[in-house]
Amino acid sequence: MTSPTRKRARHARPPSRTFPTRPATGHRTVGGPVDRRPTLVEELRGASPVTEIVASFVVFLVALPLCIGVAVASGAPAELGIVSGVVGGLVVGLMRGSTLQVSGPAAGLAALVAEAIATHGAATLGVIVLASGVLQIGLALIRLGRMFQAISVAVVQGMLAGIGLPLMISQSYVLADSKAPGTPVQNALGLPGLLTTALGTSDALIATVLGLATVALCFVWKKLPGPLGKVPAPLVGVAVGMAVAALPGVRIDTLQVGDLVASVHLPGAVEFASLADPAVLATVLTFTVIASAESLFTAAAVDRMHTGPRTRYNTELLSQGVGNTVCGTLGALPMTAVVARSSANVQAGARTRLSRTLHGLWLLGFALLLPGLLALVPITVLAGVLVHSGWKLLAPEQFPRLWKQDKGEAVVMAVTTLAIFGTALLEGVLVGLAAGVVLAVLRMSRTTVRHSTDGDTAKLTMTGSATFIRLPQLLDALDAVAAAGRPRIRLDLTAMTHLDHACRTQVDEFVAQQRRGGTVRVELLLPGGPNGAPGVDPGGPPPGDLPGAAGDKAPVLPHRTARPTRGRVATPSRPGLEPDAEPFATGREFTGTAATEEFDVGEWEQAYVGEPARRDVQAAPEGSHRRDPRRPGTARGGRHDARAPGLDDSWP
């Protein structure tokens, strides 16, 4: 027996065939379709495995010299750089977030890592990196991945330039087989002496020439026509350097490579106890901010290089946190997303995560099977590769370009770069953020002041936004309107988009001071009155006009607005008064031509009709009617009966 069909009510909504009530898989965004990322197997169904493998070899060839060079520049063993590169490929490469972005040790963190090793020791580096990774995971879980996009682009560019400039100067010493004196400022001041050192001996001269040749090769190699220009320039420089170092009679410094497995150092209780040191915690915070910002900004840059799936920032931050946690557990270098490897991955035709994952496998196999080849790589060649990386981070062409577009942002960028160069990375970034905030406040606080006089009234009209930064300008304007010597002052602030507490307090003090004298009437029009209308503080009538002590403050009256309302009020126009800014003030003369404008009758009655008048209306005979103030010549009964206020009106 079949159950009877239930009829749907007429008002019932028909079932939707477009949007299912419960998605089968994936994550549904609010008001949007299901956001489901395909698995690696599903990605490979629409891609060519051969292309992915070729792209992985290209990324491997780019990453190998960079991993070694960053480790050497950081003052760490070269094999630790390879360990971080392997983790960036095999761990982060398999995770979701960004499909084509490649992670590993970055030149942007080399100076920070070198400072951490020199200050806290190489054994503490693993705990610092591990804590940074855990903090990144926490930021991703509370969905703060997009928080880094709120940082000013000028600050980010200044940060990268502030990283690249010291990197170039410090690696210039390594390029000449010499040792840098210390801080970036000391290194810059020691460059004239470095020139003497580079020309002092034949070995130093050979190392310098080989390093400079590597720098030049990195700049011009991509301009070569044909497939030869697609070979990574750092790899060509390393190959040329190895050939030169193998020549008889050439004595230049090469890498000292140890066992990859033996280089792994798991942190112990002593290392974890160092997290109680405030200086170590500050380093952890710096690592977290810089590594996260560099990774997420790189993700935005990589998204502009291809048309595939976009980066999910919180998921990518989680992946970076997991990678740094693993690197810290192994005692390796911190890792971030790297533009050079990511762009090589995209240009090689990669479309899935397989290419970046396999590049980590090739790094691991090379370090385990062919470690002897690394001992033939000259250090000066790696320094030349890093000098080129520092130049790209510095990007000097961005300064004049930004100056033409926005001089204020260019100043913020320059301040950030100089602050990082003169102090440290974290302090410089904070100075840059402060400069960006000051610039934003100055631009938000643009105030226009207009003075005018109309008979016995001195007017001050202000538009724009006023914050405490504009207090001097506001004080000058108030002094000028007071010095006009008129018996009536009108302050029109209705066009202000923002009036902060400091400026509002100054305006109130000025009004109270003028009214206290009893000879000047001050009419104050403020933005944001009742029911969305501008607020009005007429300041009471001049002394002697109405009963009460001199300077008594009248109640706040509604302001005429141009919004659609329930009634219309006929109000006279007076010469010299703006129709959109004149409030209903006491003591108005109803002479001249009436100007009709829309106004809420209920507000008009509440403000101008007192209780005695209302009682008179209610007690009046049914046949007696007062004149309707909105329609001259007509009469109306009921609770809306009222008359227009005149000189004889008094406050209830």
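In this predicted model, helix α19 buries a series of its residues: Gly408, Ala410, Val412, Met413, Thr416, Thr417, Ala419, Ile420 and Phe421. These buried residues pack against four helices, namely α6 (153-175), α7 (184-189), α18 (398-405) and α20 (425-444). Helix α19 covers residues 407-422. Its length was checked against its residue count. With 16 residues at 1.5 Å a residue, α19 should span 22 Å. The C-alpha atoms at its ends are 22 Å apart, so the two values agree. The N-terminal end of α19 is capped by Asp406. A side-chain oxygen of Asp406 lies 3.0 Å from the backbone nitrogen of Gly408. Gly408 is itself among the buried residues of the helix.

Two residues in loops that adjoin α6 were examined next. Arg143 is located in the loop between α5 (122-141) and α6. Although Arg143 is not a glycine, its phi is positive, at about 60°. Arg143 counts as exposed because its relative accessibility is 62%, and the cut-off for exposed is over 50%. Asp177 is placed in the loop between α6 and α7. Its phi is also positive, near 55°, and this residue too is other than glycine. Asp177 has a relative accessible area of 27%, so it is classed as partly exposed. Helices α6 and α7, which flank the loop of Asp177, are both packed against by buried residues of α19.

Strand β8 comprises residues 521-526. It is mostly covered, with six of its six residues buried. On one side are Arg521, Glu523 and Leu525. On the other are Val522, Leu524 and Leu526. Both faces of the strand are thus covered. Strands β7 and β8 pair in the parallel sense, over five bridges. Leu525 of β8 is the bridge partner of Asp492.

A loop connects β7 (488-499) with α22 (501-516), and Asp500 is found there. Asp500 is buried yet has no salt bridge. The nearest side chain of opposite charge belongs to Arg504, 9.8 Å away. A salt bridge requires a distance within 4 Å, so Arg504 does not provide one. The side chain of Asp500 instead reaches a backbone atom: the nitrogen of Phe468, at 2.8 Å. Phe468 is also a contact of Asp500, together with Ala466 and Thr467, when neighbours within four places in sequence are left aside.

His120 is located in helix α4, which covers residues 110-120. Its relative accessible area is 19%. The cut-off for buried is under 20%, so His120 counts as buried. The side chains of His120 and Thr283 are joined by a polar contact of 3.3 Å. Not counting residues up to four places away in sequence, His120 touches Ile128, Ala279, Val280 and Thr283.

For the chain as a whole, the secondary structure comes to 24 helices and 13 strands. The chain has 652 residues, of which 46% count as buried. Among contacts with a separation of 6 or more, 73% come from residues 24 or more positions apart.

Note on methods. Residues are numbered from 1 along each chain as its sequence is written. This is a predicted model: local features need pLDDT of at least 70, side-chain atom pairs count only at pLDDT 80 or more; totals for chains, interfaces and linings use all residues. Side-chain values use heavy atoms; hydrogens and water are left out. Buried means under 20% relative accessible area, exposed over 50%, partly exposed in between (1.4 Å probe, protein chains only). Lys and Arg count as positive and Asp and Glu as negative; His and the chain ends are not counted. A polar contact is a pair of N or O atoms within 3.5 Å; within protein, one must be able to donate a hydrogen and the other to accept it, and residues adjacent in sequence count only if both atoms are side-chain atoms. Contact means heavy atoms within 4.5 Å. The expected span of a helix is 1.5 Å times one less than its number of residues. Two strands pair if DSSP finds at least two bridges between them.
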